[in-house]
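Thank you all for making the time this morning. I would like to walk through one structure with you, a few residues at a time, and I will try to keep each step clear for anyone who has not seen it before.

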Amino acid sequence: MPIPNQNIALVDLTKKVSSTDLKAVADALQIQVSRDFAQVWGQDATIQVLENSTLPKGTWPIWIVDEIDVEGVKGYHWTDERGQPFAKVECREGWSLTASHELLEMLVNPYVNRTMRVKGLDSSGQEVDFLVEVSDPVEDDDYGYRINGVLVSNFYYPAFFDLIKVENRKYDHLGWLTEPRKLLNGGYISWKDAAGQWYQAFMVEGQLIIKKLGDTMPLTAREKRTLWTLGAIGLGITTVLIFIISKISNNGSNRR
């Protein structure tokens, strides 16, 4: 059975990225998706550099922007008012890693509503709905890799949600994870329990931190200071999850 192929446009809205660099990133993303990703997740893509004014119907854009409209993050993916997926990536050093991260997650979970129900991370044995975002648990720069010199994101495999460790089974593309449902330093994962309460766990210097979230619950000032002291990226991560929860609650008509 043929693997579905989605048209993706890399669009520089800043006009700051050279055409050479745009093509290099697009080519690297193409190789990553078709060579490394498609057979694992059953979704391929055709990636082109295009102008925003010439986007063909049905093409999902990755917009490179000067500033992200969600505070504290480098990028995110969502759907527009017509229900079409898109991604935004901030134009900054290392933006190719973020573009790769958002591209892979958009291909697997384009409407940000795909979850996997398995036992949670605690010892209660209760099942929760993990948000399927394939780059989040392994997202740190240290765990990325290069294709023709371009830095791209690592990503987990479907076996990431296994309940039992199996020797020699791959849980992520590069093999950094040695067990299912584990996080690398700088990584995080999000889930919803049976009561509809959202949680998030992230790994900071080997320490697993779990945060209970609400529709509009920000971190306290003390928590922010603690996380930044630890060198965590948790503030931005939590901000974007609160953004997602708010969108799910208020814009359900955009979801499929």
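**Glutamine 84 and the pocket beside it**

Let me begin with glutamine 84, which, if we leave aside its neighbours within four places in sequence, is in contact with Gly58, Thr59, Trp60, Pro61, Trp78 and Thr79. Before going further I should say that this is a predicted model. Glutamine 84 sits in the loop between strand S4, residues 75-79, and strand S5, and it counts as buried because its relative accessibility is 18%, where the cut-off for buried is under 20%. One of its contacts can be described more closely, since a polar atom of the glutamine 84 side chain lies 3.0 Å from the backbone oxygen of threonine 59.

Those two residues bring us to a pocket, the second largest, which holds about 250 Å³ of space. It is lined by 16 residues, and the closest to its centre are Gly58, Thr59, Asp80, Arg82 and Gln84. Which elements give two or more residues to this lining? They are strand S3, residues 60-65, and strand S5, residues 85-90, and S3 gives the most, with 3 residues. Sorted by class, the lining of this second largest pocket has 8 nonpolar, 4 polar and 4 charged residues.

**Aromatic pairs**

Let me turn to the aromatic rings, of which the structure holds 12 pairs. One of these pairs is formed by tryptophan 63 and phenylalanine 86, and it is tilted, with 5.3 Å from centre to centre and 40° between the planes. This pair links distant parts of the chain, given that tryptophan 63 is in strand S3 and phenylalanine 86 is in strand S5, 23 residues apart. Tryptophan 63 is buried, with a relative accessible area of 18%, and phenylalanine 86 also counts as buried, at 9% relative accessibility.

Another pair, between tryptophan 191 and tyrosine 199, is stacked, with the centres 5.8 Å apart and 10° between the planes. Tryptophan 191 is buried, with a relative accessible area of 7%. Both residues of that pair belong to one aromatic cluster, which is made up of Trp41, Phe130, Tyr156, Phe160, Phe161, Trp191 and Tyr199.

**Three loop residues**

I would like to finish in the loops, and here is a question to consider for leucine 183: is it buried or exposed? Leucine 183 is found in the loop between strand S9, residues 150-152, and strand S10, residues 188-192, and at 10% relative accessibility it counts as buried. Not counting residues up to four places away in sequence, leucine 183 touches Pro137, Leu177, Tyr188, Ile189, Ala201, Phe202, Met203 and Leu208. With proline 137 in particular, the C-alpha atoms are separated by 4.9 Å, although the two residues are 46 apart along the chain.

The loop between S9 and S10 is also the place of asparagine 168, which counts as exposed because its relative accessibility is 82%, where exposed means over 50%. Asparagine 168 has a positive phi of about 70°, although it is not a glycine.

Lysine 15, finally, lies in the loop between strand S1, residues 5-12, and helix H1, residues 19-41. Its phi is near 60°, again a positive value in a residue other than glycine, and lysine 15 is exposed, with a relative accessible area of 58%.

Notes:
Residues are numbered from 1 along each chain as its sequence is written. This is a predicted model: local features need pLDDT of at least 70, side-chain atom pairs count only at pLDDT 80 or more; totals for chains, interfaces and linings use all residues. Side-chain values use heavy atoms; hydrogens and water are left out. On a 1 Å grid over the protein atoms alone, a cavity is a set of points where a 1.4 Å probe fits but cannot get out, and a pocket is an open set with protein on both sides within 12 Å along at least five of seven lines; lining residues have an atom within 4 Å of a point. Grid points are joined across faces, edges and corners, and a volume is the space filled by probe spheres set on the points. Helices (H or I, at least four residues) and strands (E, at least two) are DSSP runs, numbered from the N terminus. Ala, Val, Leu, Ile, Met, Phe, Trp, Tyr, Cys and Pro count as nonpolar, Asp, Glu, Lys and Arg as charged, and the others, Gly among them, as polar. Buried means under 20% relative accessible area, exposed over 50%, partly exposed in between (1.4 Å probe, protein chains only). A polar contact is a pair of N or O atoms within 3.5 Å; within protein, one must be able to donate a hydrogen and the other to accept it, and residues adjacent in sequence count only if both atoms are side-chain atoms. Contact means heavy atoms within 4.5 Å. Rings of Phe, Tyr and Trp (its six-membered ring) pair if their centres lie within 6.5 Å; planes under 30 degrees apart count as stacked, over 60 as edge-to-face and the rest as tilted.
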